Amino acid sequence: MGVAVLKDRTAIVGIGQTPFAKHLPESEKALACRAILAALDDAGIDPSEVDGFASYTMEETDEVEVAKAVGAGDVTFFSKVGYGGGGSCATVAHLAAAVATGQASVGVAWRSRKRGSGPRPWKNTAVQLPTPGQWTRPFGLLRPADEIGMLARRYMHEYGATRDHLFNVALACRNRANQNPDAIMYERPLTREMYMTSRWISEPLCLFDNCLETDGALACVVVSAERARDCRQKPVYVHSAAQGLPAQHHGMVNYWNDDPLTGPAWTAARHLWKTADFGPEDVDVAQIYDAFTPLVPLSLEGYGFCGRGEGAGFTEGGALEIGGRLPLNTGGGGLSEAYVHGFNLITEGVKQLRGVSTAQVPDAATCLVTAGEGVPTSAVLLRS
């Protein structure tokens with residue numbers, strides 16, 4: 001997709017979500033349909049006009065059931081993106097490409113997940129391990145927290161990052177969640193003492209370096225820029241979009257590589273900025289995938305906000321807070337609002353550019369949203 005094809009040709013015109021909780025009684029399908037119908041209502045578009053869908057390969061509700069349940073019309077485009085949270089922004093990118101090229105006119109992306117009350121994916125021992133996992137999981141790297149813990153330790157060793165830098169990330173997300181009534185951690189402030197004395201999950205990652213485990217669903221609606229002007233809400237344009245799978249990559253366990261700390265963010269970023277009219281210095285607010293705190297400094301570097309090894313230092317002096325150099329994860333992110341494979345970062349980006357966030361950045365006109373770092377990833381640049 002070149003410059004002319006995608007840039008500002010489509011817009012997100014509707015967003016929707018269910019409540020977030022450790023346990024919700026409804027099924028993933030019911031939650032998905034609630035989020036999708038809420039997003040369509042937000043846009044002022046009848047479900048019968050939906051003709052495109054995009055979600056994650058890890059999504060367990062499928063287009064056939066969802067389309068029937070919400071009352072969609074004939075569907076002419078549907079896609080699913082792999083690699084868990086790495087696929088979040090790619091769902092929007094796929095819909096933008098489909099709408100811009102005439103494959104669909106009203107696209108819906110969604111993620112519904114009962115990760116709070118459901119099983120943990122790595123507990124299923126009957127599934128054949130992926131090839132990289134055969135070299136790590138039998139030796140104790142069972143969970144994503146263990147795999148990222150290894151990367152974090154390498155990062156600390158190479159560049160002098162400390163737990164205080166990781167705390168800066170956790171605190172910024174928690175502070176924004178404390179402003180957001182929909183966030184799981186709305187009324188639960190975080191202090192440095194709480195952080196430093198919390199239990200290890202996988203050293204050097206403590207409890208507060210890890211995302212929440214959440215039940216919930218979210219969705220958004222993508223249409224052409226022309227149609228967006230007639231929708232109920234202020235359009236938020238998809239300015240640039242990218243996916244990234246580096247050469248010779250092993251998801252999450254890239255340790256054998258010459259440079260394990262150059263993750264998929266670097267590949268996605270090169271493609272993202274290539275077609276954009278602005279650069280990292282022009283981003284007013286960012287929603288950076290935060291399944292684990294170390295992913296944020298790694299992503300800050302990958303997407304060009306600072307130099308190599310400077311991501312930890314970037315977090316100092318309130319840089320990630322409202323009024324700082326780069327306010328981020330303004331709804332609380334995966335660490336403190338909800339963990340639904342990053343879809344709440346997309347919807348929060350839209351809220352910021354509409355001017356309706358619970359932690360609004362004044363006059364925000366540009367927003368970077370990123371997907372999971374450490375796995376094949378994706379990102380979108382949004383503008384108002």
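Is E147 buried or exposed? In this predicted model, E147 is buried, with a relative accessible area of 4%. Its salt-bridge partner is R137, and the closest N and O atoms of the two are 3.9 Å apart. R137 itself comes out as partly exposed, at 27% relative accessibility. The two don't share an element: R137 sits in the loop between α5 (131-134) and α6 (144-159), whereas E147 belongs to helix α6, so the pair ties together parts that are ten residues apart in sequence.

That pair is one piece of a wider set, as the count comes to 20 salt bridges. E49 and R227 make another one, at 2.7 Å from N to O. Here the link spans distant parts of the chain, with E49 in the loop between α2 (28-43) and β2 and R227 in helix α9 (residues 225-228), 178 residues apart. Both ends are partly exposed: E49 has a relative accessible area of 34%, and R227 has 27%. A more local case is E65 with K68, whose side chains meet at 3.5 Å, N to O. These two are three residues apart in helix α3 (residues 63-70), which puts about one helical turn between them. An α-helix has 3.6 residues a turn, so residues three or four places apart point the same way. Of this pair, K68 is exposed at 58% relative accessible area, while E65 is partly exposed at 30%.

Turning to the rings, there are four aromatic pairs. F53 and W110 pair edge-to-face, with 5.8 Å centre to centre and 85 degrees between the planes. F53 comes from strand β2 (residues 52-56) and W110 from strand β4 (residues 107-114), so to speak a long-range link of 57 residues. Both F53 and W110 are buried. Y289 and Y339 are edge-to-face too, at 6.1 Å between centres and 75 degrees between planes. Y289 is in the loop between β9 (285-287) and α11 (295-302), and Y339 is in the loop between α13 (333-336) and α14 (343-354), so this contact ties together parts that are 50 residues apart in sequence. Again, both tyrosines, Y289 and Y339, are buried. A ring also meets a charge: the charged end of R111 sits over the ring of Y56, 5.1 Å from its centre.

Helix α7 (residues 163-177) is a handy geometry check. At 1.5 Å a residue, its 15 residues should span 21 Å, and the end C-alpha atoms are indeed 21 Å apart. Twelve of the 15 residues are buried, so α7 is largely enclosed by the rest of the structure. Among the buried ones are charged side chains as well as F167, including R163, R174 and R176.

Strand β10 (residues 366-370) is mostly covered, with five of its five residues buried. T366, L368 and T370 point one way, and C367 and V369 the other. On one side of the pairing list, β9 and β10 run parallel and are joined by three bridges, with V285 standing opposite C367. β10 and strand β11 (residues 377-383) run antiparallel and are joined by five bridges, and T366 has R383 as its bridge partner. The β10-β11 hairpin has six residues between the strands, and G374 in it takes a positive phi near 100 degrees.

Key: Residues are numbered from 1 along each chain as its sequence is written. This is a predicted model: local features need pLDDT of at least 70, side-chain atom pairs count only at pLDDT 80 or more; totals for chains, interfaces and linings use all residues. Side-chain values use heavy atoms; hydrogens and water are left out. Rings of Phe, Tyr and Trp (its six-membered ring) pair if their centres lie within 6.5 Å; planes under 30 degrees apart count as stacked, over 60 as edge-to-face and the rest as tilted. Helices (H or I, at least four residues) and strands (E, at least two) are DSSP runs, numbered from the N terminus. Buried means under 20% relative accessible area, exposed over 50%, partly exposed in between (1.4 Å probe, protein chains only). A charge sits over a ring if NZ of Lys or CZ of Arg is within 6 Å of the ring centre and within 35 degrees of the ring normal. The expected span of a helix is 1.5 Å times one less than its number of residues. Two strands pair if DSSP finds at least two bridges between them. A salt bridge is a side-chain nitrogen of Lys or Arg within 4 Å of a carboxyl oxygen of Asp or Glu.
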